[in-house]
Amino acid sequence: MGKPTSPVVDLNAALLLLLLAAVWGGSFFFAEVALRELPPLVITLFRVSLAVPVLLAVVVLRGVPITRSLRVWRAYLVMGALNNAIPFSLIFWGQTQIESGLASILNGTTAMFGALVAGLLLPDEPLRANKLIGAALGLAGVAFIMGPDALQDFNLTNLAQLAILGATLSYAFASVWGKTTLAGQPPLMNALGMVVCSSALMLPIVWLTHGVPSLAFQPATWGALLGLAVLSTALAYLLYFAILARAGAANLMLVTLLIPPFAITLGAFFLSERIGIQAFAGFGVIAIGFAVTDGRLFARLRQRR
């Protein structure tokens, strides 16, 4: 029996990765447009709730069974909070104070913090030296972006950047929760369950904080909300699982580094945003931290030597 081959990024997987990076990078742009008229919590509600019918249609058309287990739906409730409701709300609020491109760069620490949290909580993913060094480099990149005066002159801009980092930590805990409680469930059902439960969570929160949302939005706002829900949420989940099956989880993490260029380009062309050289340098440090956490690049270099 031959040795099983590792998943690789072929041409189709590479194109899917670029498309996923585009729709996830677009989420920062869509949010920036929607924030001109709507508060962050309302945007979160529309993002998840408008994605429900799209994912439900896909689940039904593909014949994926809808679980009736209360245990699984309780797990979806936690997953919906950790992977959707909390991070989306934090990122959207953060974007009220900082540019969409900068938010996407800070979001690039997700993979490193995910590896760190998994190493602390999952026995089958030990906390190796490369994960600790990668996380340290990620934090160094963030510190470089925020600047040395961040602690001395604490303001809303700094708080917004910390909110984005809070979102990445929420994503990290979500990945651990999903692996330990939802590993045996169909991936598309997991996506549907998350958006259903996060919608259920956000509905009373929005009602208590902002009342019943009006639907009399500007066309640009509706376009941004539909872009967030249909492209950056529903389509993104479909691409996510397609890449996972074709290229594997390790290669899927590459999307983390591909998102900021799309977000920065959209922000520059359509929103007249400008990202300082300090943010790009910080992104470079974060990228190195990602490479250290992933480990494959340095392993290949050692093999060549």
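Reader: Is A57 buried, partly exposed or exposed, and what is its relative accessible area?
Author: In this predicted model, A57 lies in helix 2. Buried means under 20% relative accessible area and exposed means over 50%. A57 falls in between, so it is partly exposed, with a relative accessible area of 34%.

Reader: How far apart in space are the C-alpha atoms of A57 and L192?
Author: Along the chain, A57 and L192 are 135 residues apart. The separation of their C-alpha atoms in space is 9.9 Å.

Reader: What secondary structure does the protein contain, and in which order do the elements run?
Author: The secondary structure comes to 12 helices and 0 strands. From the N terminus on, the order of the elements is therefore written with the helix symbol throughout, namely α-α-α-α-α-α-α-α-α-α-α-α.

Reader: Why is the protein described as being as compact as a globular protein of its length?
Author: For 305 residues, the globule rule gives 19 Å. The protein is as compact as a globular protein of that length because its own radius of gyration is close to that value, at 19 Å.

Reader: What are the dimensions of the box that the C-alpha atoms fill?
Author: The box is taken along the principal axes of the protein. Its dimensions are roughly 65 × 55 × 35 Å.

Reader: What percentage of the residues is buried, and what share of the exposed area do carbon and sulfur atoms supply?
Author: Of the 305 residues in the protein, buried residues make up 49%. The protein exposes about 14900 Å². The share of this area supplied by carbon and sulfur atoms is 69%.

Reader: Among contacts between residues at least 6 apart in sequence, what percentage joins residues at least 24 apart?
Author: The contacts considered are those in the protein between residues at least 6 apart in sequence. Of these, the percentage that joins residues at least 24 apart is 88%.

Reader: How far apart are the mean positions of the positive and negative charges?
Author: The protein has 17 positive and 10 negative charges. The distance between their mean positions is 16 Å.

Reader: How many aromatic pairs does the structure hold, and what geometry do F46 and F217 adopt?
Author: A search of the whole structure finds 10 aromatic pairs. For F46 and F217, the ring centres are 5.5 Å apart and the planes stand at 80°. Planes over 60 degrees apart count as edge-to-face, so the geometry of this pair is edge-to-face.

Reader: Where in the chain do F46 and F217 lie, and how many residues apart are they?
Author: F46 belongs to helix 2 (residues 40–61), whereas F217 is placed in the loop between helix 8 (187–210) and helix 9 (219–252). The pair thus links distant parts of the chain, with a separation of 171 residues.

Reader: Are F46 and F217 buried or exposed?
Author: The relative accessible area of F46 is 8%, and the relative accessibility of F217 is 13%. Both values are to be compared with the cut-off of 20%. F46 is therefore buried, and F217 likewise counts as buried.

Reader: What aromatic pair do F46 and W222 form, and which helices does it tie together?
Author: The rings of F46 and W222 lie 5.9 Å centre to centre, with 85° between the planes, and the pair is edge-to-face. Its partners are 176 residues apart in sequence. W222 is partly exposed, with a relative accessible area of 25%. Because F46 lies in one helix and W222 in another, the pair ties together helix 2 and helix 9.

Reader: Which residues does A111 contact, leaving aside its neighbours within four places in sequence?
Author: A111 is placed in helix 5 (residues 110–121) and counts as buried at 8% relative accessibility. A111 and A291 are 180 residues apart in sequence, with their C-alpha atoms 10 Å apart in space. Beyond the sequence neighbours, the residues in contact with A111 are M253, T256 and F290.

Reader: What is the phi of S272?
Author: S272 is found in the loop between helix 10 (255–270) and helix 11 (277–294). At 60% relative accessibility, S272 counts as exposed. Its phi is positive in a residue other than glycine, with a value near 55°.

Conventions:
Residues numbered from 1 in each chain as written. Predicted model: local features only at pLDDT ≥ 70, side-chain atom pairs only at ≥ 80, totals over all residues. Heavy atoms only, no water. Helix = DSSP H or I, 4+ residues; strand = E, 2+ residues; numbered from the N terminus. Rg over C-alpha atoms; globule rule 2.2 N^0.38 Å. Buried < 20%, exposed > 50% of the residue type's maximum accessible area, 1.4 Å probe, protein only. Contact = heavy atoms within 4.5 Å. Areas by Shrake-Rupley, 256 points an atom, 1.4 Å probe, with all protein chains shown as cover. Lys, Arg positive; Asp, Glu negative; His and termini not counted. Charge placed at Lys NZ, Arg CZ, Asp CG, Glu CD. Phe/Tyr/Trp six-rings, centres within 6.5 Å; stacked < 30°, edge-to-face > 60°.
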